[in-house]
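Trainee: Could you take me through one part of this protein up close? I would like to look at the nonpolar core.

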Amino acid sequence: MAQKILVTGGTGYIGSHTVVELQNAGFEVIIIDNLSNSNVDVLDGIAKISGIRPLFYEMDCTDKNALELLFKENSFDGIIHFAASKAVGESVHKPLMYYRNNLVSLINLLELMPDNNVKGIVFSSSCTVYGEPDKNPIDENAPIKPAASPYGNTKQINEEIIQDFVHSGAPIKSIILRYFNPIGAHPSGEIGELPIGVPQNLVPYITQTGIGIREQLSVFGNDYNTPDGSCIRDFINVVDLAKAHVVAIERMLQDKSEDRVEIFNLGTGKGASVLELIKIFEKVSGVSLNYKIVDRREGDIEQIWAQPDKANNVLGWTAKESLEDTIASAWNWQKRLSEKGIM
Ligand code: WQD
């Protein structure tokens, strides 16, 4: 009997790629999503890749009654919780929406798990919790610094809520995954990043500029203390990231660890600058990108990249895709969207 996994936010960018990998690994997946930042057509893309159309319920994780009914009708072995508001800039302007959505959603799920025999929850966290690192690469023992945005603060608080609930004796386990910068798209071109409105993140803005949707990319600062003056990030392929979730849920459900809460940094271990990424895009696409250097973006940190040894050695997962292939997958996806007249 296939183990049943609830994926909240499963029609989103990282969620949809994770659903495909879970299905490929033989799990039965049910998706809930309120479609506030994703499109239900993603289910077609998932089905085209895996051959299995996951069960989907349009649902908001802040609606505890709806969740209660869902848990009564299904016996989930585990949860992967992606559903959250995630735009750093927006969170500065709408903090209460972010605190309500991101905290109440998690609390609802945790409250329902024990009575419904759900063994564990994999939580989608972010390297944002580290703030500006004192040194790079950064491992899981690095200090958690005051968050630079309400979004980042909700991730820090979420992690503490999980730790405190498990420490209180709750009969559940958790694996917290701190993502660095997820980019790229599924090589099939059937699913990828679908930013609604003007992209906040770098790579979708690059590909939309490359295809002509955006006039020009603004590079937020080249006066940082880095080799080429632009910020450095650890850009990780979204399919690599999705595969890490399968390894994590298997580890948790097979009780492979004494620790009831484990934390892993998910990155490549290599930093790349904004200007380097632009050069890679131009190389793989053959397109000369129109960009200009502008002032720094408030809240940006200068440089951060992962020390992924713990994920490599304990979780048994390593990022495999090259930056070139990853950028090429993002470009391929952008071209597919344009062919379909979607963007
Ligand atoms: C990367 C670099 C920008 C856009 C955030 C969240 C993180 C995760 C990913 C949710 C920065 C520069 C960007 C542009 C630019 N979000 N940039 N021009 O800020 O590292 O991470 O998004 O899970 O939690 O913190 O990602 O892609 O926005 O920016 O120059 O139009 O690209 O200044 O240096 P970021 P990003």
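Mentor: Happily; here is a walk through the core, piece by piece. This is a predicted model, in which local features need pLDDT of at least 70 and side-chain atom pairs count only at pLDDT 80 or more, while totals for chains, interfaces and linings use all residues. Residues are numbered from 1 along each chain as its sequence is written, and side-chain values use heavy atoms, leaving out hydrogens and water.

A nonpolar core is a set of buried Ala, Val, Leu, Ile, Met, Phe, Trp, Tyr and Cys residues joined through side-chain atoms within 4.5 Å; buried means under 20% relative accessible area (1.4 Å probe, protein chains only). The largest one here has 36 residues, and among those with the most contacts inside it are Ile5, Leu22, Val122 and Ile249. Several elements each supply at least two residues of this core, including strand 1 (4–8), helix 1 (13–24), strand 6 (173–179) and helix 8 (238–253). Helices (H or I, at least four residues) and strands (E, at least two) are DSSP runs, numbered from the N terminus. Helix 8 gives the most to this core, with 9 residues. The core also draws at least three residues from each of domain 1 (4–184 + 235–266) and domain 2 (202–233 + 269–338), with bounds from an automatic or database domain assignment.

Now find Val122. Setting aside its neighbours within four places in sequence, Val122 is in contact (heavy atoms within 4.5 Å) with Ile79, Ile80, His81, Ile175, Leu177, His245, Ala248, Ile249 and Met252. Finally, a second, separate core of 26 residues includes Cys61, Leu67, Leu112 and Val118.

Terms used:
Buried means under 20% relative accessible area, exposed over 50%, partly exposed in between (1.4 Å probe, protein chains only).
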